[in-house]
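Hi everyone, thanks for making time today. I'd like to walk you through a structure that may be new to you, so please have a look at it first.

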Amino acid sequence: MTDIATRAADVVAAPRSRRRLNGGGPRAGTVVAFLTPFFLPFVLFYLVPVGYALWQSFRVVRRTGGQYGTSYTTFGGFEQYVQVFHNTEFWASIGRIGLFGVVQVPVMLFVALVMALLLDTPLLKLKAFFRITAFMPYAVPGVIAAIMWSYLYSPQLSPVVDLLKGIGLQPDFLGPGAVLWSAANVSTWLWTGYNMLIMFSALQSIPQELYEAAKLDGASNWAIAWRIKVPIIAPSIILTTVFSIIGTLQLYAEPAVLRQISSNISSTYTPNMLAYAVASGNNYQQAAAISVVIAVITFVLSFGFMRLTSKKAGL
């Protein structure tokens, strides 16, 4: 027994002695070499711009000698943020994007979930074809997609509008009550396939034994889908919802393109468009403050939703 214990101790100690001979593990230079390709772009293109925007948001432009005097930039505390919170256009854009998200995000994710469940069912044929077809719109850049849909929305050019007029309807996709939902339709068309692919990937990781056991218990395909599949892929649904919340608050390309053919979209239609319009007027400090407020709202909503849903899902 003593010999066996001694040999076992030698086996356990051998890797430790080899690690001591090799210098105790990976060298610091090796670790730095592997991490640099990630951290260098992360610092240069993420942390530095965020820090610069935050710094600019606390500065204001002053003038000496009246309106036509010499201008200089100085520290202004929270003055820029006070102006943001008193800006009616900012709150109007937040309300507009909030309505957009409350309607568009659930609709898009529900369609993505149904498509993922259909692709996962053994009853559907040509799965590869339908998967590629559903994902293909995501390969189209957002600006190009908005231009394509603006052609379909235009009363002078759209064959869809002509077809609807032929059956007695008078659609106005670019009208004041419809233009927001026209932009929502473009976003839904673009991102549904992307979210569907995430959910479908999660469905593929579910063991087939669960389905077989459920069928032995007499469960229908409908019951398996909504009582087994959906609860198991809840983390992926939460993830796509968080991505959608972030994307909603960053909405810019779709309304900016539609603005070229519709007078019902102003330059301050969404928070991002407002920040761009303010920056275009050379008020970079105010634009930076707007951007920081948007970032904080995005963080609070996405992180709050993730925490709330994760607790309910038991994650």
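Of the 315 residues in this chain, 34% count as buried. Please keep in mind that this is a predicted model. The secondary structure comes to 14 helices and 2 strands. Among the contacts with a separation of 6 or more, 64% are between residues 24 or more positions apart. As for the outside, the chain exposes about 19400 Å², and carbon and sulfur atoms supply 68% of that.

Let's go inside. Which residues touch the most other members of the largest nonpolar core? They are Leu113, Ala116, Leu117, Met196, Met199, Leu203 and Ile233, in a core of 22 residues. Four helices each supply at least two residues of this core: α4 (88–120), α8 (179–204), α9 (208–216) and α10 (221–232). The largest share, 8 residues, comes from α4. Take Ile233 as an example: leaving out residues up to four places away in sequence, Ile233 touches Leu113, Met199, Ala202, Leu203 and Ile206. There is also a second, separate core of 20 residues, and its members include Ala183, Ala184, Ile245 and Leu258.

Now to helix α10. This helix has 12 residues and reaches 15 Å from its first C-alpha to its last, close to the 16 Å expected at 1.5 Å a residue. Its buried residues are Ala223, Ile224, Ala225, Ile228, Lys229 and Val230. And what covers them? The cover includes α4, α8, α9 and α11 (234–249). You may have spotted a lysine in that list: the charged end of Lys229 sits over the ring of Tyr211, 5.0 Å from its centre. Elsewhere, the charged end of Arg96 sits over the ring of Tyr269, 4.6 Å from its centre.

Helix α8 deserves a stop too, for two of its polar residues. Ser187 is in this helix, and Ser187 counts as buried because its relative accessibility is 4%, below the 20% cut-off. Apart from neighbours within four places in sequence, Ser187 is in contact with Phe100, Gln104, Met108, Leu251 and Glu254. Asn195 is in α8 as well. Is Asn195 buried or exposed? Asn195 is buried, with a relative accessible area of 2%. With the neighbours within four places set aside, Asn195 is in contact with Met108, Leu109, Ala112, Thr240 and Ser244.

On to the aromatic rings. A search of the whole structure finds 21 aromatic pairs. In one of them, the ring centres of Phe129 and Phe130 are 5.4 Å apart and the planes are at 70°, so this pair is edge-to-face. Phe130 counts as partly exposed, at 39% relative accessibility. Another pair is Tyr153 with Phe173: the centres are 5.4 Å apart and the planes are at 40°, so that pair is tilted. The pair links distant parts of the chain, 20 residues apart, with Tyr153 in helix α6 (residues 142–153) and Phe173 in the loop between α7 (159–166) and α8. Tyr153 is buried at 5% relative accessible area, while Phe173 is partly exposed at 24%. Ring pairs also link Phe38, Phe39, Phe42 and Tyr46 into a cluster.

One last stop: helix α13, residues 271–280. Here Pro271, Met273, Leu274, Ala275 and Val278 are buried. After α13 comes Asn282, with a positive phi near 65°. That's my tour, and thanks for listening!

Methods:
Residues are numbered from 1 along each chain as its sequence is written. This is a predicted model: local features need pLDDT of at least 70, side-chain atom pairs count only at pLDDT 80 or more; totals for chains, interfaces and linings use all residues. Side-chain values use heavy atoms; hydrogens and water are left out. A nonpolar core is a set of buried Ala, Val, Leu, Ile, Met, Phe, Trp, Tyr and Cys residues joined through side-chain atoms within 4.5 Å. Buried means under 20% relative accessible area, exposed over 50%, partly exposed in between (1.4 Å probe, protein chains only). Contact means heavy atoms within 4.5 Å. The expected span of a helix is 1.5 Å times one less than its number of residues. Accessible areas come from the Shrake-Rupley method with a 1.4 Å probe; for residues, only the protein chains shown count as cover. Rings of Phe, Tyr and Trp (its six-membered ring) pair if their centres lie within 6.5 Å; planes under 30 degrees apart count as stacked, over 60 as edge-to-face and the rest as tilted. A charge sits over a ring if NZ of Lys or CZ of Arg is within 6 Å of the ring centre and within 35 degrees of the ring normal.
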